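Biologist: Please take a close look at a single helix and its surroundings. Keep it brisk.

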Amino acid sequence: MKKFLIILFLAFVGSINAQQKANYALAERFRELTTMPIVKYSLDLHPRYINNTDRFWYSFWTEEGNKYYLVDPEKRTKRLLFDNAELLAKVSEITRRAHDTKLLDLHFEFEPDGETIRFYMDGRNFTYNVYTKELQVVGNQKGKSYSPYWMYYSADSAYMLYARHHNLYAVGNPAKGKDITEIQLTNDGEKYYSFNREDEGEMEGRFGCEAHWLKKGHRFYAIREDARKVEELWLIDALANPRPKLKTYKAELAGDKNVIQYELIIGDLDTREVRKIDISRWKDQYIDFLYTSNDGLRLYFQRYKRTWDETEICMVNTETGDVKVLIHEEDKPYLDYQMRAIHFLNDGNEILFRSERTGWGHYYLYDKDGNLKNQVTSGPWVAGPIQKIDTAKRQIYFVGLGKEKNIDPYYYVLYRADLDKKDAVTLLTPENASHDVAIAPSSRYFVDSYSRVDLEPVNVLRDRQGKVIMELGKPDLRRVYEMGWRTPERFKVKAADGVTDIYGIMWKPADFDSTKCYPIISTVYPGPFYEYVQTRFTLDDDLNTRLAQVGFIVVAMGHRGGTPMRGKAYHTYGYGNQRDYPLADDKYAIEQLADRYPFINGKKVGMYGHSGGGFMTAAAICTYPDFYSAAVACAGNHDNNIYNKGFVEIHYGVKENKRVIKDSVNGDREEITFETKSKTNQELAKNYKGGLLIVTGDMDKTVHPSHTFRVVEALIQARKNFDMIVLPGSTHGFFGENGDFFERKMWFHFAKYLLGDDSADYQGDIDYFMKKR
């Protein structure tokens, strides 16, 4: 018996020694990174072009402080814009105040001569010539004087538009010889059908209005929303004093019968006429304003069918009110709303329109009447955001994704294309990195800041062919590396179909030991319009970095059904299956990583997600309860039947139903209704086996707390064990003390379930953390 007890004791001790201890101290040290001076050091740079020329200036922070540089691309020169010490000495001689030369953070504008800057300091306005170094005092009033925010004048300043309560008003400008008598333009405004964009219309006074002047004359337009029939949601502000307060707001939910209606109004101050323009096409359509012509005679808008598979670009004659359809587009299962792009060239004589009609997002050039002139880009890759349109040279500069086989398809790469030629596309930034560019006014040069998560930003000046002609600021990261910070690592695996490439990044602890075996945590966001997987170098991905320091391998990756940056087939993969589509990809990706790297423990797997990621996280641990040992699901839209109409109906589908209503008196009429049905996480609760922490803020309007409460109720009914946190006062994001509390609670949760470390005295740790702060 004694021998048996000894063996049992030794086995117990051995099991304790086999456990990994959570390294909270290292995670806390990396929290200091967010408050240290190094966070202000520059990574990339942002040029400010001077008076519409190719010359520019930029500021750049390093250990030596903030310095300002002047660059002349044509002359290939870069020099200090001014010497901080010399400039501040001249200022101090006048103001008798001292300034730290390394901490100069100066806001200034260039005068028309292109060599004199104007700035405000120590209660005075100064000018300083950057060549002659002459400083002059030009007044003691701070900056420019501005009219009150609600003063919105016509192009000739003759009239001003504003809102009073819910209606639209105008008043003449006496400086232009106009009567100052207040003119009431509408009288049908009311709450939720208002022109007032500043408050709920209950206060007296003049407020900013939901109306816009045309570019010429005294006509104006407004797209007014009618939300009067939209139903309400409620939250209880438990922290309100002296007693909790009910918060009421309008919310369009998926499948709702009563949704926002849109109307276009055009008015004329000369005639005092305000009229509604008939822009109806589809029931419950959505309207986007696009452009108005310089002569004020044409107004362009886009309307979408509620099923989001059909759209039209329309032009309104602002004098007659006639509506003309220019471009009609159908796309199944839904139009890519996130990367939509419509550009009006030469004041509307041409329209550049982005479409996924071939399965890939590309640009098409139309004439003013909607006739197709040219498909500017094509092929199995994605033409992304336009950076600049050079109408004189008939060229566009745009971001391309996935065109080069040796470049990650998520990286922004700059191309140039000719508007009048098919596929005349030139690569301008060939590096395998994500590029952030600023193109000079002449289009002859551009500044390029490119990086990857594992490549520090490289800041260069290029000519129009993409050739590097000058290196600019270099980041100062010495102190970051001294702290032990390491860059994340990139990886590529296959999706569950075995052929689609999945791209991701991996964080390791600063004290990483390749001979150890670490649990792995997947931090997720499933899309469908974006994947929160960092592509550029950053020091701001704090949560993943700190979570790794606790003692984990942390990964983030895309999934089929995510971003439209990968093409239509990729981003529409989850259509109609919004709950389950990303789960198999995440599981299979982790299995591949565990097989590939011996330092990853594929038997200890966790997942964390917020919002859509919270939805995915709860679904994952219920779908694969024997694979995921722990999960932290935050602010998840677990029941999309009570979630945002636009998000659900666009990306997951809404069915249009039509039927004829017989009426012998007034005549038969067609009735159109819409329906949508989503799978929910509470349906999966019966499969759950353990390890879930579910979190919500009690003031979340974006994803109502009811989403979390419904899952919690299902888990309780299924007699499951789980943990839950409700953060008082938190909205959709967790910030401040609530954010700190949540993050540390997440550390403890994963340490317990993945490391087997349940030794933390929670209150003691909190006291320790707070004392350190």
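Modeller: The buried residues of α10 pack against two strands, β43 (692-697) and β44 (723-727). This is a predicted model. The buried set in α10 consists of H707, T708, V711, V712, A714 and L715. Seen down the helix axis, these buried residues fall within an arc of 160°, so they line one face of α10. The spacing fits a general rule. An α-helix has 3.6 residues a turn, so residues three or four places apart point the same way.

Next, the length. Helix α10 covers residues 706-717, which is 12 residues. At 1.5 Å a residue the span should be 16 Å, and the end C-alpha atoms are 16 Å apart, so expectation and model agree. After α10 comes R719, whose phi is positive, near 60°.

Now follow L715 outward. L715 is in contact with L692. Leaving aside neighbours within four places in sequence, L692 also contacts I621, A631, A633, F722, D723 and H749. L692 has a further role in the packing. In the largest nonpolar core, which holds 49 residues, I553 and L692 touch the most other members. Helix α8 (residues 612-623) gives this core its largest share, 6 residues. Another core lies apart from it, with 32 residues. Y24, A548, F742 and F748 are among the members of that other core.

In short, α10 turns one face of buried residues to β43 and β44.

Methods
Residues numbered from 1 in each chain as written. Predicted model: local features only at pLDDT ≥ 70, side-chain atom pairs only at ≥ 80, totals over all residues. Heavy atoms only, no water. Helix = DSSP H or I, 4+ residues; strand = E, 2+ residues; numbered from the N terminus. Expected span 1.5 Å × (residues − 1). Buried < 20%, exposed > 50% of the residue type's maximum accessible area, 1.4 Å probe, protein only. Arc of directions from axis to C-beta. Contact = heavy atoms within 4.5 Å. Core = buried A, V, L, I, M, F, W, Y, C linked by side-chain atoms within 4.5 Å.
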